[in-house]
Amino acid sequence: MDVTRRTFLSASAAAMVGSILLPRRSTAAAHGLTAYGLTAYGLTAAPVSLPVVPGQPDTVLWGYNGGFPGPLLRVKQGERLRAVLRNDLPQDSSLHWHGIRLPNAMDGVPGLTQPPVRPGESFVYEFDCRDAGTYWYHPHWASAEQIGRGLYGLLIVDEASPPPVDRDVAWVLSDLRLDNQAQVTGDFRHPMDLSHAGRLGNTALLNGRLAEAFAVTPGERLRLRLLNAANARIFNLRFAGHVPWLMALDGHPVAPRRLETGEALSLGPGMRADLILDAAAAAGQRHAVTDTNPRGEAYRLFDLAYQDGPVQSRPAARWRGDPPPALPANPVAEPDLARAERLALKLEGGAMGVLTALQVDGREVGLREAFQRHRVAWALNGQAHTGTFPGGGHAGHGAPLFSLSLGKSYILEVFNETAWPHPMHLHGHAFRVLDAPGRPLRDTVLLEPRGRTALAFTADNPGDWMLHCHILEHQAAGMMATVRIG
Ligand code: C2O
Ligand code: CU
């Protein structure tokens, strides 16, 4: 199955997605309740039925507050966020705040930082948002199924004075695996997905809809906040007719630079990018935003559709073409590269790999048996952590793979010895990707097959943190570990 099924859905049936819900703070406050620098939200996880594919029956999903994606949460940098999760799902759940450097007890990993939130129960998350940027929330229980059914949303932390733009909009990119009635297929943790590329959907979505176009006004300057919330799909985005500025990766500012013509913006699952895009084409024009699959085939996700008719206001005209100012850096401690201790992390296993045996939750097993009996296919430094109990949660976490000293700097050298790409994510920290241009700060790094990288960070947040692949089927099939700090 692949996304080309999209083409059988008639193009004319697909919807025009306008500017989606990015309330400015005043409106956000109507949903979240702000007082004394604390913004409070309620998030109820429950089944919901929504029109995802135009002209098809509504799709039964799991969503927050009846939405897919869930509501956009927004706070100002330095403010405190309170979110009360109520679980009205038929299974346990939790909320993880991907990319937020928060106290360990608020990280939302059942079995590691809190008990699972049972059906009918609630859990109160509360933490300060120290870093500005684009973050997201999702369950960390049975993630492959719960995210694969639609449970995720954006958390935006606003800079004290955000750069001037005409519109600040979110593009939540994802996919779903749908049957011909537009219903989510139930084949979660399918053996093929566990050991190969993960659960690739067959319908790529923009903000939870199969979209034909995104409407823009000639002359406007947009801040685009992109999130890849798919279980497994890696988006390689190109913007025909446009040269957007790359402003931030995984929430953290980079020195603004233009994406070269034809250069792809690569976003693995869990990753985000902030762009500034000047809508410089003329009324009535359409330009495709495309994705390229691993076979190198490009397909159109949707068009940037320039509205016809009179332009209402052109406040952005004065910005056109000017380089946007860099976003202010977040207060992340710079790792001390000269004194950093080096650690090695080997990613192993999967189909077409060389791994033959590994430790499953501390016990030596052959790969074949591991797969047949435990549905384990991957290892980190020879160890697979499953903790994948009935339902695919992970209430059990093995001994830490690394035990780090609080406050010390580390360089994690990562070697991908598999035939597959892996977006590796560390909780509770941001790391510098030492061999990427500009050494960006990120919380998730995409390793190419047989690729390697080096990540530098200060272990300044005490607790037990997850380190895992964000292809959720790889995570479920062993590709996760605990990093203990303190
Ligand atoms: Cu986006 Cu461990 O999570
Ligand atoms: Cu992976």
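**Strands, a sheet and a copper site**

Biologist: Strand E23 is joined to strand E24 (residues 363-366), so to speak, by how many bridges?
Modeller: This is a predicted model, in which local features need pLDDT of at least 70, side-chain atom pairs count only at pLDDT 80 or more, and totals for chains, interfaces and linings use all residues. Residues are numbered from 1 along each chain as its sequence is written, chains are lettered from A and ligands numbered from 1 in the order in which they are written, and side-chain values use heavy atoms, leaving out hydrogens and water. Strands here are DSSP runs of at least two residues marked E, numbered from the N terminus, and two of them pair if DSSP finds at least two bridges between them. E23 and E24 run antiparallel, and the number of bridges joining them is four.

Biologist: Which residue in the E23-E24 turn has a positive phi?
Modeller: Along the paired strands, Leu358 stands opposite Val365 in E24. The two strands form a hairpin with two residues between them, and the one with a phi of about 45 degrees is Asp361.

Biologist: In strand E26, what stands opposite Gln359?
Modeller: Gln359 is on the uncovered face of E23, while Leu358 and Val360 are on the covered one. E23 runs parallel to E26 (residues 383-384), with two bridges joining them. Opposite Gln359 you'll find Gln383.

Biologist: Okay, next sheet: which are the edge strands of E5-E10-E9-E7?
Modeller: These four strands form an open sheet with mixed pairing. Each edge strand pairs on one side only, and they are E5 (73-76) and E7 (96-98).

Biologist: What is the bridge partner of Tyr135 in E10?
Modeller: Strands of a sheet pair through backbone hydrogen bonds, either parallel or antiparallel. E9 (residues 133-138) and E10 (residues 153-158) take the antiparallel way, with five bridges. The partner of Tyr135 is Leu155.

Biologist: Which protein residues are donors of the copper ion (ligand 2)?
Modeller: Donors are N, O and S atoms within 2.8 Å of the metal (3.2 Å for Na, K and Ca); water isn't among the atoms, so sites may look incomplete. In sequence, the donor residues are spaced H-x46-C-x4-H. Lying 2.0 to 2.1 Å from the copper ion, they are His422 (ND1), Cys469 (SG) and His474 (ND1).

Biologist: Is Cys469 buried or exposed?
Modeller: Buried means under 20% relative accessible area, exposed over 50%, and partly exposed in between (1.4 Å probe, protein chains only). Cys469 has 0% relative accessibility, so the verdict is buried.

Biologist: How many disulfides are there?
Modeller: A disulfide is counted when a pair of cysteine sulfur atoms lies within 2.5 Å. By that rule, the count is zero.
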